[in-house]
Amino acid sequence: MELAFLRPLFAEPGPWASVYLDASRTGENAGHEVDLRWRALREQLTAEGADQATLDALDTTLRQPPFLAGRHGLAMFARDGEVVLVEPLAAPPPVDVAAYGPLPHAMPLVAQRGRQVPYVQVLADRTGADLSGRCVGGTPREQTVDGGEQWPLRKVNAGGWSHSRFQQAAQESWRRNAGDVAAAAADLAETVDAEAIVVGGDVRAAQQVVEQLPVRWQERTVRTDLGSRGPGADPAGLDEVTDTAVTEVAERYTRAVVDRFRAQRADDGASAGLSAVVDVLRRGQADTVLMADVPDSTERLWVAPDDPMALAVEAAELRAAGVQDPVEVRADAALLRAVVGTGTQLVLVDREQVPLRDDIGAVLRYADASTPTA
């Protein structure tokens with residue numbers, strides 16, 4: 001999982017107010033119920049020391065329309081009188097949460113995003129395509145690409161030179177249209193950081209689109225004959241293929257990382273356990289961190305407020321490294337900041353299916369004689 005979206009949360013020191021709220025508006029008194037839930041969280045933040053300007057900023061953000069319909073949640077992060085990040089949640093949080101501390105409490109947001117896969121869906125015919133892309137935690141992006149030259153799509157029966165030239169020109173137009181669609185799909189895939197591209201519609205047009213995608217995107221592409229463009233077209237079949245494809249992508253990626261971790265562990269080339277992972281993150285050696293989401297975890301780490309690389313199991317380690325005033329925080333908050341700061345990937349795993357010491361492990365970019373593996 002790419003965590004670049006969290007960078008604004010770690011660009012400035014805290015204290016941070018973090019809020020996870022059931023913002024569903026499904027009944028006559030829905031707005032009042034949201035207000036009551038927020039009031040309870042606001043009182044909790046006040047008790048923990050949140051400043052008035054930050055509380056007012058959160059209050060203003062919560063009350064700004066447009067309001068989403070149906071059951072959903074809302075995650076908000078604010079500091080120093082400014083709301084820095086607001087994320088709609090596809091489902092309400094299991095419980096409303098408010099936290100105020102040196103680092104943002106971002107793990108619940110990451111856990112929900114971990115079950116989502118960004119993707120691009122392409123519905124193509126020989127004149128163009130309809131494209132949609134969904135980034136994790138974001139709203140869909142839609143686009144239509146239409147070909148410039150509209151050649152007849154019927155076959156002609158006449159033979160000879162003119163027939164050959166006509167068909168050749170039509171094929172060339174279809175190929176250019178497919179190239180335009182492929183370029184637009186690749187751009188959209190970059191924008192949403194897609195992990196899958198699903199291409200459906202006209203068989204030949206879809207194949208031409210796939211063939212003209214950059215190789216890195218071809219490797220993430222699923223092609224289907226389902227779907228058609230135009231009024232009255234039913235996208236259900238294509239949507240079903242897309243759902244299956246993105247689920248398989250997520251599962252395949254997780255399996256690959258877990259297999260790599262186990263292989264490295266067999267060769268003493270991967271790290272397991274909180275202390276070892278903290279050390280390799282501090283050294284910049286971690287390629288991918290595997291972590292189980294444990295909402296009630298009591299694990300703590302010590303950090304420097306302004307340095308994501310400065311984290312340790314004991315405060316004395318940081319003081320020895322020159323950090324004058326280390327602070328104690330939730331371990332998952334410190335780990336997320338270090339993962340973001342080092343450009344490390346994160347994979348959330350089921351602790352029952354992938355048991356890890358202290359619920360954490362790391363696949364390494366490299367190892368040396370001093371690298372801790374346990």
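**Helix packing, an open sheet and side-chain pairs in a predicted model**

Helix 11 lies across strand 12, strand 13 and strand 14. The helix runs at about 135° to strand 13. These values come from a predicted model.

The strands concerned form an open sheet. This sheet has 3 strands, in the order 13-12-14, and their pairing is antiparallel. Strand 13 and strand 14 (327-330) stand at the edges. Each has a single partner strand, so one side of each is left without a neighbour in the sheet. On average, neighbouring strands of this sheet are turned by 45° against each other, direction ignored. Strand 12 and strand 13 run antiparallel and are joined by 3 bridges. One of the bridge partners is D307 in strand 13, which pairs with A304.

Helix 9 also lies across strand 12 and strand 13. Its direction is at about 150° to strand 13. Of the 10 residues of helix 9 (residues 274-283), 7 are buried, so the helix is largely enclosed by the rest of the structure. The buried residues are L274, A276, V277, V278, D279, V280 and L281. They pack against several elements, among them strand 10 (270-272), strand 11 (286-292) and strand 16 (360-364). Strand 12 (300-304), strand 13 (307-312) and helix 11 (331-342) are also among their contacts. Just after helix 9, G284 takes a positive phi of about 75°.

Helix 9 also holds a salt bridge. R282 and D279 form this bridge, with their closest N and O atoms 2.9 Å apart. The two residues are 3 residues apart in helix 9, so about one helical turn separates them. In an α-helix there are 3.6 residues a turn, so residues three or four places apart point the same way. D279 counts as buried because its relative accessibility is 17%, under the 20% limit. R282 is partly exposed, with a relative accessible area of 27%.

The structure holds 13 salt bridges. Another of them joins the side chains of D56 and R42, at 2.9 Å from N to O. D56 lies in helix 3 (residues 52-62) and R42 in helix 2 (residues 30-47), so the pair ties together parts that are 14 residues apart in sequence. D56 counts as partly exposed, at 33% relative accessibility. R42 counts as buried, at 18%. A further salt bridge links D359 with R351, where the closest N and O atoms are 3.0 Å apart. Here D359 is buried, with a relative accessible area of 18%. R351 counts as partly exposed, at 40% relative accessibility. Salt bridges that share partners also join D35, R42, D56, D59 and R63 into one network.

Aromatic rings complete the picture. The structure holds 1 aromatic pair. Y20 and F77 form this pair, which is edge-to-face. The ring centres are 5.9 Å apart, and the planes stand at 85° to each other. The pair links distant parts of the chain, 57 residues apart. Y20 belongs to strand 1 (residues 16-22), and F77 to strand 2 (residues 73-79). Both Y20 and F77 are buried. Elsewhere, R216 lies over the face of W217, at 4.2 Å from the ring centre.

Note on methods:
Residues numbered from 1 in each chain as written. Predicted model: local features only at pLDDT ≥ 70, side-chain atom pairs only at ≥ 80, totals over all residues. Heavy atoms only, no water. Buried < 20%, exposed > 50% of the residue type's maximum accessible area, 1.4 Å probe, protein only. Helix = DSSP H or I, 4+ residues; strand = E, 2+ residues; numbered from the N terminus. Contact = heavy atoms within 4.5 Å. Pairing = 2+ DSSP bridges. Axes fitted to C-alpha atoms, helices over the stretch in contact; angles between N-to-C directions. Phe/Tyr/Trp six-rings, centres within 6.5 Å; stacked < 30°, edge-to-face > 60°. Lys NZ or Arg CZ within 6 Å of the ring centre and 35° of its normal. Salt bridge = Lys/Arg side-chain N within 4 Å of Asp/Glu carboxyl O.
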